[in-house]
Amino acid sequence: MSDGEIKRHNKIIKRDYAIMMLFFGTGIRVSELVSLDVRDLDFRKHCFKVILKRGDELTVYMDDSTEEALKDWLVSRKLLMLPDNEQALFVSFRGSKIGSRLSVRSVELMVKKYATLGAPEIGHKVTPHKLRSTCATETIAATGDLNFTKNKLGHKSALTTTRYIKQDEDQKRERRNILDHK
């Protein structure tokens, strides 16, 4: 990496980490992420508000790690000397868009970049929506609660949520006798 690339990377790493933590920890959609404003965050209640694609408002709760990543990003964001009217939580560091709200496409490219660095053989297939799916799968695996997972993702119907849930072969094998009536 050149000195310029290192300097840019050091600026954006906290932003990118906060974005990835939001995807993994909350399962929000990329459109919801890019529309977040700083004022949407409520650290006292450990949550933020998003407008869902159908126009409803959803309160999304953050785990401690996600909250810490967001706080770190906000400290770095203050150092950017953004215009007073820029309320976007996540801003760009490229070209003529510097200091303006990140676009959906920018976030998609960022996710793909980090996924490819971490797993070159499959990284090109990773999207923000795949991270939403991972959050759903992990939530249902950890809680066993379809209704909680549905509400966390902001789905109206549990049928929509079931599309995200994948039982792996180990789970199916372990549970093969669950209804055995000896």
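Here are some numbered notes on this structure, which is a predicted model.

1. Overall layout. The protein chain has eight helices and three strands. Reading from the N terminus, the order is α-α-β-β-β-α-α-α-α-α-α. The C-alpha trace spans about 70 × 40 × 25 Å along its principal axes. There are 182 residues in the chain, and 40% of them count as buried. If you take the contacts between residues at least 6 apart in sequence, 49% join residues at least 24 apart.

2. The sheet. The three strands make an open sheet in the order 1-2-3, with antiparallel pairing. Strand 1 (41–42) and strand 3 (57–61) are the edge strands, each pairing on one side only. Strand 1 pairs with strand 2 (residues 47–51) over two bridges, and Leu41 has Phe48 of strand 2 as its bridge partner. On the other side, strand 2 and strand 3 pair over five bridges, with Ile51 standing opposite Glu57.

3. The hairpin. Strand 2 and strand 3 form a hairpin with five residues between them. Have a look at Gly55 here: it takes a positive phi near 100°.

4. Two faces of strand 3. Which side chains of strand 3 point to the buried face? Those are Leu58 and Val60, whereas Glu57, Thr59 and Tyr61 point to the other face and are not buried. That fits the usual pattern, because in a regular strand the side chains alternate between the two faces of the sheet.

5. The core. The largest nonpolar core has 37 residues, and the members touching the most others are Leu33, Phe48, Phe90 and Val107. At least two core residues come from each of helix 1 (3–26), helix 2 (30–34), strand 2, strand 3, helix 3 (64–78) and helix 4 (104–118). Helix 1 gives the largest share, seven residues. As background, nonpolar side chains tend to be buried together in soluble globular proteins.

6. Val107 up close. What does Val107 touch, once its neighbours within four places in sequence are left aside? Its contacts are Ile19, Phe23, Val30, Leu33, Val34, Leu102 and Pro128. One of them, Leu33, also ranks with Val107 among the core residues that touch the most other members.

7. Helix 5. This helix covers residues 128–143, and its length checks out: at 1.5 Å a residue its 16 residues should span 22 Å, and the end C-alpha atoms are 23 Å apart, which agrees. Its buried residues are Pro128, Leu131, Arg132, Ser133, Cys135, Ala136, Thr137, Thr139 and Ile140. Arg132 is worth a click, as a charged residue name on that buried list. The cover over these residues includes helix 1, helix 2, helix 4 and helix 6 (146–153). Just after the helix, Gly144 takes a positive phi of about 65°.

8. Thr139. This residue is found in helix 5. Is Thr139 buried or exposed? Its relative accessible area is 7%, so it is buried, the cut-off being under 20%. Not counting residues up to four places away in sequence, Thr139 touches Gly144, Phe148, Thr149 and Lys152.

9. Helix 6. Thr149, Lys150 and Leu153 are the buried residues here. They cover an arc of only 100° around the axis, so they sit on the same side of helix 6. What they pack against is helix 1, strand 3, helix 5 and helix 7 (158–162).

10. Cysteines. How many disulfides does the structure hold? Zero. A disulfide is a covalent bond between the sulfur atoms of two cysteines. For Cys47, the nearest cysteine sulfur is that of Cys135, 16 Å away. A disulfide needs sulfur atoms within 2.5 Å, so Cys47 is in none. Cys135 is in no disulfide either. Cys47 counts as buried at 5% relative accessibility, and Cys135 is buried too, with a relative accessible area of 3%.

11. A nonpolar residue outside. Ile98 lies in the loop between helix 3 and helix 4. It counts as exposed because its relative accessibility is 57%, and the cut-off is over 50%. Leaving aside neighbours within four places in sequence, Ile98 is in contact with Ser92 and Phe93. Gln87 is 11 residues from Ile98 in sequence, and their C-alpha atoms are 14 Å apart in space.

Methods
Residues are numbered from 1 along each chain as its sequence is written. This is a predicted model: local features need pLDDT of at least 70, side-chain atom pairs count only at pLDDT 80 or more; totals for chains, interfaces and linings use all residues. Side-chain values use heavy atoms; hydrogens and water are left out. Two strands pair if DSSP finds at least two bridges between them. Helices (H or I, at least four residues) and strands (E, at least two) are DSSP runs, numbered from the N terminus. A nonpolar core is a set of buried Ala, Val, Leu, Ile, Met, Phe, Trp, Tyr and Cys residues joined through side-chain atoms within 4.5 Å. Buried means under 20% relative accessible area, exposed over 50%, partly exposed in between (1.4 Å probe, protein chains only). Contact means heavy atoms within 4.5 Å. The expected span of a helix is 1.5 Å times one less than its number of residues. The arc is that of the directions from the helix axis to the C-beta atoms.
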